[in-house]
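Biologist: Before I trust any labels, can you walk me through how each one was earned? Let's put the structure up and go through it.

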Amino acid sequence: PITDEVFFKSLESDAVILGACGGPKWDNLEFSKKPERALLKLRKELKLFANLRPAICFKQLVDSSTLKPEIVSGLDIMIVRELTGGIYFGEPRGIEPIENNQRKGINTHSYTTEEIQRITRVAFDLAKKRKNKVTSCEKSNVMEAGVLWREEVQALKDKEKEYEKIDLHHMLADNCAMQLLKNPKQFDVILADNLFGDMLSDEAAMLTGSLGLLPSASLGAKDKNGKIRSLYEPVHGSAPDITGKNIANPIATILSLSMALRYSLDLDKEADLLETAVQQVLDDGLRTKDILSPGKKEVSTTDMGDAIVAKLK
Ligand code: IPM
Ligand code: MG
């Protein structure tokens, strides 16, 4: 869990950058004491309902993907994941004893009109700055909450003139998982709830070759001064199998900082510079182990970081 001290600091911050957390060492801790609870508390208490997860296939790295280069080269998807609702937080939840010495595990998936429409707005607004296409995912074939999701997303588009030009598609989440492998370039913005968004974003990330490259932003609503609360983190987890070996890819975390510069601190120019530095280092052929391919130079975590910093000087 997170200490009060850190939690209050994060409340006062313009942006929070979070390192991946969790690992087998803590797997057997009581649920409320697990490291993941800290992250979920931050998301919930800072009201970070909008999680943006870009999946971009860097041209230098098409060969790192397990998919054929022509399927993934030039890929640029933005996953918009709802982050403070759905089955992650729904009540009732828990594990309870039932008859015959059996137990029952319960989680509740629920969404309201307001929750659906505020995340839909984020997806639509982003799409307007991109290719104007939004694919909204749910399981309306089996879940009532999925039926509502589909209806409310559609209703918002139909109601608001500013979204008139959005090319809106609805897709069942399992089909979306399949289409991401078959023809990922059909997607521009993918809109999904908390759980489907969690899964689809891991899948989309892997299309690009490595989870080690992808940043994410979690944003709240604007307050009365026009400020937003925000948290930035790599999409990848803590990779406990490589802890302490100095081989992890730092790029996802570095690009998370660049998203913070762009979305929270209004420093677009600095964000551009940082992203260019990352591109240049990849152009130079430097690779951490996870994205290594023949003919490229393997470097450690710290070397990669230093090389990127050097490009900024
Ligand atoms: C993610 C992670 C988290 C989630 C875990 C660490 C709680 O998988 O950010 O995608 O499930 O949301
Ligand atoms: Mg995840």
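Modeller: Start with R121: what makes it partly exposed? Its relative accessible area is 28%, and since buried means under 20% and exposed means over 50%, R121 falls in between and is called partly exposed. Bear in mind that this is a predicted model.

Biologist: Fine. How do you know that E162 forms a salt bridge with R121?

Modeller: Their closest N and O atoms are 4.0 Å apart, and the cut-off is within 4 Å, so the pair counts as a salt bridge. E162 sits in the loop between α5 and β7 while R121 is in helix α4, so the bridge ties together parts 41 residues apart in sequence. E162 has a relative accessible area of 40%, so E162 is partly exposed.

Biologist: Which residues are joined into one network by salt bridges that share partners?

Modeller: R121, K128, E160 and E162. The whole structure has 16 salt bridges.

Biologist: Take another of them. Why is K139 called buried when its partner D174 counts as partly exposed?

Modeller: K139 comes out at 16% relative accessibility, and buried means under 20%, so K139 is buried. D174 has 45%, which lies between 20% and 50%, so D174 is partly exposed. The bridge itself has its closest N and O atoms 3.3 Å apart. D174 is in helix α6 and K139 in the loop between β6 and α5, so parts 35 residues apart in sequence are tied together.

Biologist: And what makes D14 and K227 a salt bridge?

Modeller: Their closest N and O atoms are 2.4 Å apart, which is within 4 Å, so the pair qualifies. This one links distant parts of the chain, 213 residues apart: D14 in the loop between α1 and β1, K227 in the loop between β9 and β10. D14 has 39% relative accessible area and K227 has 43%, so D14 and K227 each count as partly exposed.

Biologist: On to the rings. Why is the pair of F124 and Y163 called edge-to-face?

Modeller: The ring centres are 4.9 Å apart, within the 6.5 Å limit, and the planes meet at 65 degrees, over 60, so the pair is edge-to-face. F124 is in helix α4 and Y163 in the loop between α5 and β7, 39 residues apart. With 0% relative accessibility F124 counts as buried, and Y163, with 1%, is buried as well.

Biologist: How many aromatic pairs does the whole structure have?

Modeller: The search finds 3. Among them is Y111 with W149, edge-to-face at 5.2 Å centre to centre and 70 degrees between the planes.

Biologist: What makes R118 lie over the face of F49?

Modeller: R118 is 4.3 Å from the ring centre. The charge has to be within 6 Å of the centre and within 35 degrees of the ring normal, so that distance satisfies the first condition. Likewise, the charged end of R81 sits over the ring of Y88, 5.3 Å from its centre.

Biologist: Last one: how do you know that R53 makes a polar contact with ligand 1?

Modeller: A polar side-chain atom of R53 lies 2.8 Å from an oxygen atom of ligand 1, and the limit is within 3.5 Å, so this is a polar contact. D198 also has a polar side-chain atom 2.8 Å from a ligand oxygen. The protein covers 75% of the 320 Å² of accessible area that ligand 1 has on its own.

Conventions. Residues numbered from 1 in each chain as written. Chains lettered and ligands numbered in written order. Predicted model: local features only at pLDDT ≥ 70, side-chain atom pairs only at ≥ 80, totals over all residues. Heavy atoms only, no water. Phe/Tyr/Trp six-rings, centres within 6.5 Å; stacked < 30°, edge-to-face > 60°. Helix = DSSP H or I, 4+ residues; strand = E, 2+ residues; numbered from the N terminus. Buried < 20%, exposed > 50% of the residue type's maximum accessible area, 1.4 Å probe, protein only. Polar contact = N/O pair within 3.5 Å; in protein donor to acceptor, adjacent residues only side chain to side chain. Areas by Shrake-Rupley, 256 points an atom, 1.4 Å probe, with all protein chains shown as cover. Salt bridge = Lys/Arg side-chain N within 4 Å of Asp/Glu carboxyl O.
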